[in-house]
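This report goes through one protein chain, from its overall build to single residues. Please look at the sequence and the structure before reading on.

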Amino acid sequence: MSDELPYLENDDGEYSVPCQLKIAEDCVQKGKFCGDKEEARDWVEDECWISSGEGHFCVQCNDQVLRNIANLATKKMI
Ligand SMILES: [Zn+2]
């Protein structure tokens with residue numbers, strides 16, 4: 001894994017993985033702040049966030065993406 005992934009850093013020098021998409025109304029926006037990047041990434045992986053290769057996005061946004069795709073597919077059928 002590269003360190004090119006985006007991370008948020010708070011005033012305490014802790015890291016959190018931001019949600020890349022932030023399209024869901026109930027998007028959690030970012031993961032828990034942890035002592036290091038590794039831990040922050042483990043946290044989102046434990047929460048089943050989806051890795052896009054360039055970052056991560058939360059389950060709520062993944063659901064939203066799937067709904068959007070389903071909507072598009074429905075529209076095409078009409
Ligand atoms: Zn999200």
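What follows covers the overall layout, the core, one helix, and three residues.

**Overall layout**

The model is predicted. The mean pLDDT of the protein chain is 93, and 95% of its residues reach 70 or more. Among the elements, β2 has the highest mean pLDDT, at 98, and helix α2, made of residues 59-77, has the lowest, at 93. Where pLDDT is low, predicted coordinates should not be read in detail.

The protein chain contains two helices and four strands. Their order from the N terminus is β-β-α-β-β-α. With a radius of gyration of 15 Å, well over the 12 Å that the globule rule gives for 78 residues, the protein chain is more spread out than a compact globule. Along the principal axes, its C-alpha atoms fill a box of roughly 55 × 25 × 20 Å.

Of the 78 residues in the protein chain, 18% are buried. When contacts between residues at least 6 apart in sequence are considered, 40% of them join residues at least 24 apart.

**The core and Tyr15**

Which residues form the largest nonpolar core? There are nine: Tyr15, Val17, Cys19, Ala40, Val44, Trp49, Phe57, Cys58 and Cys61.

Tyr15 is part of strand β2. Is Tyr15 buried or exposed? Tyr15 has 21 other C-beta atoms within 10 Å, and a residue needs 20 or more to count as buried, so Tyr15 is buried. Leaving aside neighbours within four places in sequence, Tyr15 is in contact with Tyr7, Leu8, Glu9, Phe33, Cys34, Asp36, Lys37 and Ala40. Ala40, one of these partners, is also listed in the largest nonpolar core. Tyr15 and Glu38 are 23 residues apart along the chain, and their C-alpha atoms are separated by 8.9 Å.

**Helix α1**

Helix α1 spans residues 37-46, and its buried residues are Ala40, Arg41 and Val44. These cover an arc of only 95° around the axis, which puts them on the same side of α1. An α-helix has 3.6 residues a turn, so residues three or four places apart point the same way. The cover over the buried residues of α1 includes β2 (15-16) and β4 (56-57). Glu38 and Asp46 are exposed on the other side of α1.

**Two residues with positive phi**

Most residues other than glycine have a negative phi. Lys22 is not a glycine, yet its phi is positive. Cys48, also not a glycine, has a positive phi too, and Cys48 comes just after α1. The table sets out their values.

| Residue | Phi | Location | C-beta neighbours inside 10 Å |
|---|---|---|---|
| Lys22 | about 50° | loop between β2 and α1 | 15 C-beta neighbours |
| Cys48 | about 70° | loop between α1 and β3 (50-51) | 9 C-beta neighbours |

How do these neighbour counts translate into exposure? With 15 C-beta neighbours inside 10 Å, Lys22 counts as partly exposed. Cys48, with 9 C-beta neighbours inside 10 Å, counts as exposed.

Technical notes. Residues numbered from 1 in each chain as written. Predicted model: local features only at pLDDT ≥ 70, side-chain atom pairs only at ≥ 80, totals over all residues. Core = buried A, V, L, I, M, F, W, Y, C linked by C-beta atoms within 7 Å. Buried ≥ 20, exposed ≤ 12 C-beta atoms within 10 Å, placed from the backbone. Contact = placed C-beta atoms within 7 Å. Rg over C-alpha atoms; globule rule 2.2 N^0.38 Å. Arc of directions from axis to C-beta. pLDDT = per-residue confidence, 0-100.
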